[in-house]
Amino acid sequence: MTSTHRLSHLDQLESEAIYILREVAAQFERPALLFSGGKDSICLVHLALKAFRPGKFPFPLVHIDTGHNFDEALQFRDSLAERIGEKLIVRYVQDSIDQGKAVEEKGKFPSRNAIQAVTLLDTIAEFKFDACIGGARRDEEKARAKERIFSVRDEFGTWDPKLQRPELWNIYNGKIHVGENVRVFPISNWTELDVWEYIRKENIDLPSLYFSHQREIVWREELVFPVSKFISLDGTDKVETRTVRFRTVGDMTCTAAVESEANSVDDIIREIQISRTTERGSRLDDKRSEAAMEERKKGGYF
């Protein structure tokens with residue numbers, strides 16, 4: 001009698017993601033892995049280690065640094081790249097601003113989240129990347145749910161949700177014209193809970209800001225924002241010290257924290273299981289309009 005072994009849910013997701021990463025290596029000449037030091041891109045690096053070791057990655061790690069990042073994420077980014085011995089390319093939004101290619105927002109919480117698309121498109125052109133691997137997931141935001149695993153962008157970096165290719169039977173079509181590129185999302189079918197359960201299963205290290213810690217904060221639109229040099233406080237702001245953690249990591253000017261005592265992966269998993277708010281519910285830039293994310297993506301955003 002032949003015994004059969006059924007993969008667990010996490011094993012299936014891991015297997016799919018590794019298959020997608022290997023498809024990128026097989027189909028494209030100059031791919032890159034977009035790496036921010038956030039939990040999703042850290043999981044991508046872990047998956048790439050499983051996909052390609054003992055060999056080197058067939059792509060560099062690329063970070064578009066807005067200049068408004070959390071120090072903890074940047075330190076983790078640099079230490080991880082050094083530890084695994086892979087090439088890290090960093091390009092800066094500030095350079096795009098200085099060159100007059102991007103205009104920085106004014107106001108109390110000036111986000112650079114949207115204008116990083118300018119720097120990304122310039123980086124793609126500089127290195128002639130034909131595929132950029134990202135850690136976006138379909139459960140994050142409804143515009144993300146319109147993406148395919150291989151999401152084609154035209155020569156201007158534009159994404160058209162109506163011109164996406166069918167992906168039947170896990171067959172991914174990477175054929176593109178000169179100047180076009182593909183954004184690839186290997187963990188598109190994962191949820192926030194899947195990511196954290198995988199982090200627990202694989203014992204993956206993360207930046208400390210994902211776990212509860214004390215931080216100076218101010219309230220804005222009923223959200224908890226970290227105090228930083230990038231925001232302009234006035235007399236109406238009351239600075240408090242609260243015990244918080246971050247569910248997602250973006251600009252310090254647009255990423256709110258959540259009050260939490262969760263200081264372990266198990267604590268966070270239990271917290272997510274009972275949470276009534278979405279992961280990106282703490283991202284102020286997603287709340288600017290009903291289609292904020294989709295409009296940014298059409299302009300070249302991740």
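Okay, so let's start in the middle: the largest nonpolar core here has 58 residues, and Leu33, Leu47, Phe150 and Trp196 are the ones with the most contacts inside it. Keep in mind that this is a predicted model. Which elements give two or more residues to that core? They are the helices α1 (9-27), α2 (39-52), α3 (71-84), α6 (192-202) and α7 (265-274), plus the strands β4 (131-133), β5 (150-153) and β6 (181-184). Helix α2 gives the most, with 8 residues.

Let's zoom in on Leu47. Setting aside neighbours within four places in sequence, Leu47 is in contact with Glu14, Ala17, Ile18 and Leu21, and also with Ile187, Trp190 and Tyr198. There's a second, separate core too, with 13 residues, including Val62, Val93, Ile115 and Cys132.

Next up, Ile84, which you'll find in helix α3. Is Ile84 buried or exposed? Buried, because its relative accessible area is 11%, and the cut-off for buried is under 20%. If we don't count residues up to four places away in sequence, Ile84 touches Val45, Leu49, Arg53, Phe57 and Leu61. And look at His46: along the chain, Ile84 and His46 are 38 residues apart, yet their C-alpha atoms are separated by 10.0 Å.

Last stop, the sheet. We've got an open sheet of 4 strands in the order β8-β7-β9-β10, with antiparallel pairing. At the edges sit β8 (223-226) and β10 (258-259), each pairing on one side only. Inside the sheet, β7 (residues 213-220) and β9 (residues 240-245) pair over 5 bridges, in the antiparallel sense. If you want a spot to look at, find Glu216, which stands opposite Thr241 in β9.

Note on methods:
Residues numbered from 1 in each chain as written. Predicted model: local features only at pLDDT ≥ 70, side-chain atom pairs only at ≥ 80, totals over all residues. Heavy atoms only, no water. Core = buried A, V, L, I, M, F, W, Y, C linked by side-chain atoms within 4.5 Å. Buried < 20%, exposed > 50% of the residue type's maximum accessible area, 1.4 Å probe, protein only. Contact = heavy atoms within 4.5 Å. Pairing = 2+ DSSP bridges.
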